[in-house]
Amino acid sequence: MLPITAAVHSGGRLHWQVRNMNNSNEQYIGKQLAANLFNHSGVFVLPAMTLLSGEHIRLISQHKILLEPHDVLQVDNAAFYQLAVDDCTAAMESIFDQLRYTKTKRLPMIELRNEVIPFIQQVSEKNDFYGILAALQSKDDYTYRHNVAVGIISTLLGKWLKLKPDELSMLTIAATLHDIGKIMIPAEILTKPGPLSEEEYALMKKHTTLGYEMIRDTVGTTHMQALVALQHHERMDGSGYPFGVLGHRITDFSKIVAVADIFHAMTSDRFYRTAAPLYEVLRQMDDNVYGKLDPYICSVFINKLMQSMIGNEVLLTDGRIGKIIMILAHDPLRPLVNIDDDFIDLSRHRQLGIVRVIPQ
């Protein structure tokens with residue numbers, strides 16, 4: 001690292017210099033510090049192995065330190081996903097705790113934009129769904145990890161739907177904040193190990209309107225982002241909540257987040273049930289697509305996930321194991337499977353089905 005020691009007398013000049021260093025240092029977001037970091041006066045700044053976030057880069061630049069390639073370590077994808085998701089989850093927990101402690105309804109958007117959103121965007125750029133999914137599997141922090149997971153999955157889905165960059169940025173923030181209203185729900189309801197009573201469920205459902213109000217009243221957010229908090233439990237057939245509106249009144253962002261929200265909830269261990277197998281989740285989502293979820297958004301999601309399964313082995317209902325070699329556009333959940341010298345089109349052999357996908 002190269003400490004900057006030149007005396008700077010002008011406040012404007014200092015601001016320009018720090019900003020310039022900040023821009024140079026930003027290339028190292030997502031990498032780890034190789035050693036403890038000190039400024040030119042010997043003041044300790046950050047410990048070794050810190051996964052650098054936007055906030056860390058700002059701190060480093062304020063200390064007038066210009067990072068060089070040998071100051072950081074390149075993290076392999078699996079380790080990066082885990083570190084990034086864990087760090088984002090810890091940041092979301094800190095944000096939730098801060099809001100509970102201060103009892104304010106104004107969201108700390110600077111912290112969110114600096115400590116969470118850059119990592120969600122970086123992870124999403126990898127486009128490695130199964131590697132990312134492994135890091136998203138809930139530990140004992142589902143409430144916070146779920147927000148990060150829905151942010152990442154929604155961002156991936158937004159890319160697959162070819163959203164413009166500015167729309168994608170808005171979606172990432174909206175998806176990450178979709179459940180923010182849950183900070184107003186008692187912890188004993190959020191972590192209850194069994195089914196909720198009618199009264200508890202009615203209170204739980206209020207997280208949608210509470211989240212809407214919090215985002216709406218926070219400077220630096222948009223009405224569209226507030227609507228995602230309000231509508232992510234609405235369904236196309238009007239069976240959702242809080243208002244039971246039909247699909248044409250649900251925003252596209254809300255429909256995207258609904259798909260991501262359901263998928264991560266079903267594939268995660270919860271307080272009251274274990275995660276469902278991935279293929280079973282996709283099958284259930286496909287079964288409900290024409291009533292509950294937007295059919296186009298859901299079909300793009302299922303198709304992309306199935307495409308990334310090409311090369312995986314699957315257990316069939318007759319006990320045989322085959323390998324997925326082609327996803328069929330007209331029926332993505334029933335692909336072409338290779339078993340020894342046979343090629344079986346599951347869309348034609350309806351008596352056969354996939355029990356589960358075997359991870360590589």
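**A colleague's note on cavity, pocket, core and strands**

1. Let us start inside. The lining of the largest cavity divides into four nonpolar, no polar and five charged residues. Please keep in mind as you read that this is a predicted model. Which residues line the largest cavity? They are E234, R235, M236, I250, K255, A258, K292, L293 and D294. The volume of the largest cavity is about 50 Å³, and the count of cavities of 30 Å³ or more comes to one.

2. Next comes the largest pocket, which holds about 820 Å³ of space. Its lining has 31 residues, and H233, Y241, A265, R270 and Y272 are the ones nearest the centre of the pocket. Try finding those five on the model, then look outward to the helices. At least two lining residues each come from α6 (142–160), α8 (187–190), α9 (198–205), α12 (252–266) and α13 (278–288). Which helix gives the largest share of the lining of the largest pocket? That is α12, with four residues. By kind, the pocket lining divides into 15 nonpolar, eight polar and eight charged residues.

3. Now for the nonpolar core. In soluble globular proteins, nonpolar side chains tend to be buried together. Here the largest nonpolar core has 98 residues, and F263 and F301 have the most contacts inside it. Helix α3 (residues 77–102) gives the most to this core, namely 10 residues. Apart from this core lies another, of five residues, including I185, L190, M204 and L210.

4. F263 deserves a visit of its own. Leaving aside residues up to four places away in sequence, which residues does F263 touch? They are F129, L133, I153, L278, V281, L282, M285, F301 and L305. Notice that F301 is on that list; F301 and F263 are the pair with the most contacts inside the largest nonpolar core.

5. Helix α10 (residues 207–216) is a good one to practise on. Seven of its 10 residues are buried, so α10 is largely enclosed by the rest of the structure. The buried ones are H207, T208, L210, G211, Y212, M214 and I215. What do the buried residues of α10 pack against? They pack against α3, α9 and α11 (223–231). L210 also turns up among the residues of the five-residue core.

6. Strand β7 (residues 313–316) shows an alternating pattern. V314 and L316 point to one face and are buried, whereas E313 and L315 point to the other face and are not buried. Strand β7 runs antiparallel to β8 (residues 321–326), with three bridges joining them. It also runs antiparallel to β11 (residues 354–358), joined by four bridges. You can follow the two buried residues across to these neighbours: V314 has G322 in β8 as its bridge partner, and L316 has I354 in β11. Between β7 and β8 the hairpin has four residues, and G319 takes a positive phi near 90 degrees.

7. Finally, have a look at D341. Its place is in the loop between β9 (336–339) and β10 (342–345). Is D341 buried or exposed? With a relative accessible area of 74%, D341 is exposed, because the cut-off for exposed is over 50%. If you would like a distance to check in your viewer, take D341 and P165: they are 176 residues apart in sequence and 45 Å apart in space, from C-alpha to C-alpha.

Notes:
Residues numbered from 1 in each chain as written. Predicted model: local features only at pLDDT ≥ 70, side-chain atom pairs only at ≥ 80, totals over all residues. Heavy atoms only, no water. Buried < 20%, exposed > 50% of the residue type's maximum accessible area, 1.4 Å probe, protein only. Pairing = 2+ DSSP bridges. 1 Å grid on protein atoms, 1.4 Å probe; cavity = no way out; pocket = protein on both sides within 12 Å on 5 of 7 lines; lining within 4 Å. Points joined across faces, edges and corners; volume = space filled by probe spheres on them. Nonpolar A, V, L, I, M, F, W, Y, C, P; charged D, E, K, R; others polar. Core = buried A, V, L, I, M, F, W, Y, C linked by side-chain atoms within 4.5 Å. Contact = heavy atoms within 4.5 Å.
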